[in-house]
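Consider how charged side chains pair up in the model shown here. The paragraphs after it go through some of these pairs in turn.

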Amino acid sequence: MLQLSIENLQVKYGSQVIIDHVSARFNGGNMTAVIGKNGVGKTTLIKAIAKLVRRGGTVRLYDEKRNYSSQDIAYVPQMGNAAARLTVFEMVLLGLVKDLRWKVGEDQIQAVTDVLTRLNLLALSQKPFHQLSGGQKQLIFMAQSLVSHPRVLLLDEPTNALDLRHQLIVMDQARSYTKETGAITIFVVHDLMLASRYGDNMILLDDTQIKTQGPPQEVLRPDLLESVYHVKVDVEKNGRGYFNVTPIAPI
Amino acid sequence: MQQNNPVCTSIYTDINKSRIIISLCSLAALFLAVIADLAVGSANIGVQAILTALWAGPGAQTVNTVVLWDIRLPMTLTCIFVGGSLGVAGLQVQTITNNPLASPYTLGISAAASFGAAISITVGFAVAGYLWLGTSLLAFLLAMLVSMLIFFMGKLKGMSTTTLILTGIIMNFFFSALQQFLQYRASAEIAQVISSWTFGNLARSTWTSVAVNGVMLVFGSLLLLGWSWKLTALSAGEERAYSLGINVEKLRFGVFVISAFLIAEAVAFIGTVGFVGLVAPHCARLLLGEDQRYLLPLCACFGGLLMLLSSVVSKLMSVGSMLPVGIVTSIVGVPFLFVLLLRYKG
């Protein structure tokens, strides 16, 4: 089984410590939600895993057969203001940018076709990217990351600014990729209900370190949430088995 | 795994086919503009005579041959190469600053070249006895000096777009002020020469300028084309390019150095020419999209085309002499810039 292990991960911006000796282990086929208040280093943590920031400590990705490199880790940033005049097909093709030569190979066109088909986006392939809705753009960004068949998918606030329907579509696609391919998905999210619904495990970050980690029922405890978010909360499981976290008042 | 999907393959092939057709049409337009530019001038030579003189080569001792090979052809080729350089440099400045309204002027390199030329004109700096060569050399050196300054500032701040643009604006104001100071202190004749240099005058074209501009454009474009996919990814956003594993800082540095050379060689010989570097990339982008494999050559083509059309207009507007081409490109460019400003009002 695929394993991702991070040990003593440390990130500093100048003299400021953002991530301080964080260790964790992630299993293939599982989704992990990273939660915590603003500015505790959630994005920095997944960027450090993807080797997009200078980091200390070790990150190992391996299974029974081999060790993988950071090339097998795909990071999907928060939806930015990408206004390039590219078609959807070209935007997804850029996911293979490191391997693209002057002439695009048949196998590369096939890989783009496959991922567009998997995400039900083939009908949009000729559309200009900048004319898409926010939800469609987020799906295209995910397709761009999935086209290279990453073993680890890192999603930075993937549902940010999306309506309810697109939140579910985006997260469902991430989950089906994770379960079908045995990959590891780690996603940063502010919505605790979404985090618990899609996260097999959760990591609660507080002040540069992991406060606690484990399955949702162990992390979403009122006392823990109140100590991290400084908000009085009610936590209950609804009829469908999902956690509802209701903020009551600031402490 | 899906079976090979012919629809998708055909979609992608069709997009590229239409791009090749647009590129070929643009090349045909460039060729027609070359003929028009060669045919228009104070010496009344018809298209047939132009083609005959071209075919005869530079050795033939006729008036038409001398006019064509010593005067018009260097101007026409300089138009193509200077316009091409400004078009390509403009595209890359827009790409690395992630700013559609950026142009070769934004980085302050043109202002520095103007100041270099102003110093040379003021002190009468000559190379091998040629004043024009001294002026071009000093313009080029100042342009490169400023490029290095911007680069070192950028290195300190990780080549961020804000640093590049702000440093460029500072350089622009600084060197414009220095040039104005020189003009203010100079005699009326010298001030007039400095002023005319800043208009961009094709009359300063020589075979030397053709050779230097041509070699730099071809060499610079080939290097940039090698990074065409990475540049296309960068146009989709800095964060996105980082996430795709591109070393954005290194890419920006390489592109910046090549662009600086292209801008410096373009303005060193004929002076500063406005708006070509802003307008050509936008026209090309509207027609072809952002794929730099096609966009970059088309920017060079449109830059040359715009310069040639401006050259023809400047010759027609001022029969018997030649209006500085920089004035005409600005007249053509200003309305277009207004359209762009309105379009990007957000």
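In this predicted model, the side chains of R19(B) and E90(A) form a salt bridge, with an N to O distance of 2.6 Å. R19(B) belongs to helix α1 of chain B, residues 6–39, while E90(A) sits in helix α2 of chain A, residues 88–93, so this salt bridge joins two chains. Both partners, R19(B) and E90(A), are buried.

The contact between R19(B) and E90(A) does not stand alone: these residues are linked with D291(B) and R293(B) in a network of salt bridges. Within chain B, the side chains of D291(B) and R293(B) meet in a salt bridge at 2.6 Å, N to O. D291(B) has a relative accessible area of 2% and R293(B) one of 4%. Because the cut-off for buried is under 20%, D291(B) counts as buried, and R293(B) likewise counts as buried.

Another salt bridge in chain B pairs the side chains of R252(B) and E238(B), at 3.0 Å from N to O. Here R252(B) lies in helix α11, residues 248–270, and E238(B) in helix α10, residues 238–243, so the pair ties together parts of chain B that are 14 residues apart in sequence. Are the two partners buried or exposed? R252(B) is buried, at 1% relative accessible area, whereas E238(B), at 30% relative accessibility, is partly exposed.

These pairs are part of a wider set: over all chains, a search of the whole structure finds eleven salt bridges.

Note on methods
Residues are numbered from 1 along each chain as its sequence is written. Chains are lettered from A and ligands numbered from 1 in the order in which they are written. This is a predicted model: local features need pLDDT of at least 70, side-chain atom pairs count only at pLDDT 80 or more; totals for chains, interfaces and linings use all residues. Side-chain values use heavy atoms; hydrogens and water are left out. A salt bridge is a side-chain nitrogen of Lys or Arg within 4 Å of a carboxyl oxygen of Asp or Glu. Helices (H or I, at least four residues) and strands (E, at least two) are DSSP runs, numbered from the N terminus. Buried means under 20% relative accessible area, exposed over 50%, partly exposed in between (1.4 Å probe, protein chains only).
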